[in-house]
2 protein chains.
Amino acid sequence: MGELYLVGMGPGNLGGLTLRGREVLAMAEVVIGYSTYIRLLEGMGLLAGKEVVRKGMTEELDRAEEALGRALGHSRVALVSGGDPGVYGMAAPVLELLEERGFRRADEGVGLPGRFLLGEKEVRLEVVPGVTAANAVASLLGSPLAHDTCLLSLSDLLTPWPLIERRLHAAGMGDFVVVLYNPQSKRRTWQLRRSAEILLGYRPPNTPAALVKSAYRERQEVHLTTLEGLLEAEVGMLTTVVVGNAQSRLYEGLFITPRGYALKYDLETGEALPGEVPGRALRRGNG
Amino acid sequence: MGELYLVGMGPGNLGGLTLRGREVLAMAEVVIGYSTYIRLLEGMGLLAGKEVVRKGMTEELDRAEEALGRALGHSRVALVSGGDPGVYGMAAPVLELLEERGFRRADEGVGLPGRFLLGEKEVRLEVVPGVTAANAVASLLGSPLAHDTCLLSLSDLLTPWPLIERRLHAAGMGDFVVVLYNPQSKRRTWQLRRSAEILLGYRPPNTPAALVKSAYRERQEVHLTTLEGLLEAEVGMLTTVVVGNAQSRLYEGLFITPRGYALKYDLETGEALPGEVPGRALRRGNG
């Protein structure tokens, strides 16, 4: 039986890899991934004696096919993704491929890990979760995601832009903290500005926002701004954007979304309720 | 100078801990946490020779105060959280405490890691991100979070219920995948049912849903159901609930949310719909 592991590398450096991820990489015979991650793993000596397959960033389907093909050939294969394979990562392409090829379940279980059959060939599939960009970026900012949050990709390569706009409106209406993945690329230059315009319909211009580039990598850049500031922001492929909710605030260079929400506030007037102190979520006696 | 590390333990077992998390725990002189995590770390021999402070689950503010107090006394302190400290975890309580006490920034930077001063006492603060429940649970189900997702806590201890309902409506309107943290407790028994009722206003009754209890722990239970099935579900404190978007489907016991959004393509002909730019799809031939 072949084995296929989808391994989340976590953020930039190897410090974000989980113990389970490292264990799986140690066992793997074949390691497949985008070249940046392969280089990182090589640098740590984790790939010695293994077959290594480097792929370009856009060759997602190729990576999935190569990995599944190798596993069907009875190898123990690790397909590595940045962050978490489940969040805009390799999990969906691999499962969609399984479905397209007509694999059948070979065990009695549900979910993963699981064993799947194609004809007489069997493969065991496991997803090893990782720290996704939202959480990595948050750890560099303070506590921006301490309340209800949306993760939203601005890439319209596989999603119609009108649906992305609908989601931005929904995130605004729901006062969710918003984490924007893939905010911009060479081809997509106006999407972040348009997103900020939409959210400005729901939140004040001075709502805290942040741009984090290359989190946990050598060229990491952490930049605090405001929702209004996003209208002029220059970002690239490696940036993740965070927009706070109505309660988010900056304090001494920290992006704080308080844990306790506004039980203490009159949601209409924004004033503190009788007996409550504005701006302080952490009071004994009310949680 | 004291040091305070907020360390995410990731899901249930130690396999979810990151290499950076383990490194920080190895350096720590004092480890503070909810007793379940302390027990796990002890079981792995990671706490030998350290001072250990166990706290109950509801003593969140106490944990924050104890940790900050110890760090101000020049210790190297690790405060451990399940999952990621930034997601309904210890990051916000600690930062809010910093603010309440009037700490000032002692370095030129923004965000974290950072050094903070209270009078003449200095503390260095770092958040070590971890795999949050959403990602852990997703890895056990398939690829439910492969498209835009909301994380939403149903606990109304610190959030007014009307705001939670508003967010459920927004998540429904935006066709986000929804991950519900804290869906139920002994005291809160109707919130999950009510949430399903709200989402049923936006999605078909047979929309895939899942209940995952104690992910990556001994008593792990993975249960696939539907949005309608959530109306009758019995869940507890240790369960995370996932509700798919309009594109989510089940295949051979796997919860698949496709990466490519089918609205963009005519699924019969594989052609891009009017006004859409074809991208490389994940499924050859039908986008």
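In helix α7 of chain A, Glu197(A) and Arg194(A) sit three residues apart, about one turn of the helix. In this predicted model, their side chains meet in a salt bridge, with an N to O distance of 3.2 Å. Both partners are partly exposed: Glu197(A) has a relative accessible area of 34%, and Arg194(A) has one of 28%. The pair also belongs to a wider group, since a network of salt bridges links Glu165(A), Arg193(A), Arg194(A), Glu197(A) and Glu232(A). Over all chains, the structure holds 42 salt bridges.

A similar question can be put to another helix: how far apart along helix α1 of chain A are Arg20(A) and Glu23(A)? These two residues are three positions apart in α1 (residues 19–27), and about one helical turn therefore separates them. Their side chains form a salt bridge at 2.4 Å, N to O. Arg20(A) is partly exposed, at 24% relative accessible area, and Glu23(A) is likewise partly exposed, at 42%.

A further salt bridge joins the side chains of Arg187(A) and Asp156(A), at 3.5 Å from N to O. Here Arg187(A) lies in the loop between β10 (177–181) and α7 of chain A, while Asp156(A) lies in the loop between β9 (149–153) and α6 (161–173), so the pair ties together parts that are 31 residues apart in sequence. Are the two partners buried or exposed? Arg187(A) is exposed, with a relative accessible area of 54%, whereas Asp156(A) is buried, with 16%.

Attention now turns to the surface and its nonpolar side chains. Met173(A), Tyr202(A), Met173(B) and Tyr202(B) form a nonpolar patch there, and together they have about 320 Å² of accessible area. One of these residues, Tyr202(A), is found in the loop between α7 (191–200) and β11 (208–213) of chain A. Tyr202(A) counts as partly exposed, because its relative accessible area is 33% and the partly exposed range runs between 20% and 50%.

Chain B offers an example of two helices packing together. Helix α3 (residues 60–72) and helix α4 (residues 91–101) of chain B pack at an angle of about 65 degrees, and their axes are 9 Å apart. The crossing of α3(B) and α4(B) is right-handed. On the α3(B) side, the contact is made by Glu60(B), Leu61(B), Ala64(B), Glu65(B) and Leu68(B). From α4(B), the contributing residues are Pro93(B), Val94(B), Leu97(B), Leu98(B) and Arg101(B).

Notes
Residues numbered from 1 in each chain as written. Chains lettered and ligands numbered in written order. Predicted model: local features only at pLDDT ≥ 70, side-chain atom pairs only at ≥ 80, totals over all residues. Heavy atoms only, no water. Patch = residues over 30% accessible without salt bridge, like charges linked within 9 Å, V, L, I, M, F, W, Y side chains within 5 Å. Areas by Shrake-Rupley, 256 points an atom, 1.4 Å probe, with all protein chains shown as cover. Salt bridge = Lys/Arg side-chain N within 4 Å of Asp/Glu carboxyl O. Helix = DSSP H or I, 4+ residues; strand = E, 2+ residues; numbered from the N terminus. Buried < 20%, exposed > 50% of the residue type's maximum accessible area, 1.4 Å probe, protein only. Axes fitted to C-alpha atoms, helices over the stretch in contact; angles between N-to-C directions. Left-handed = near helix turned anticlockwise from the far one by under 90°. Contact = heavy atoms within 4.5 Å.
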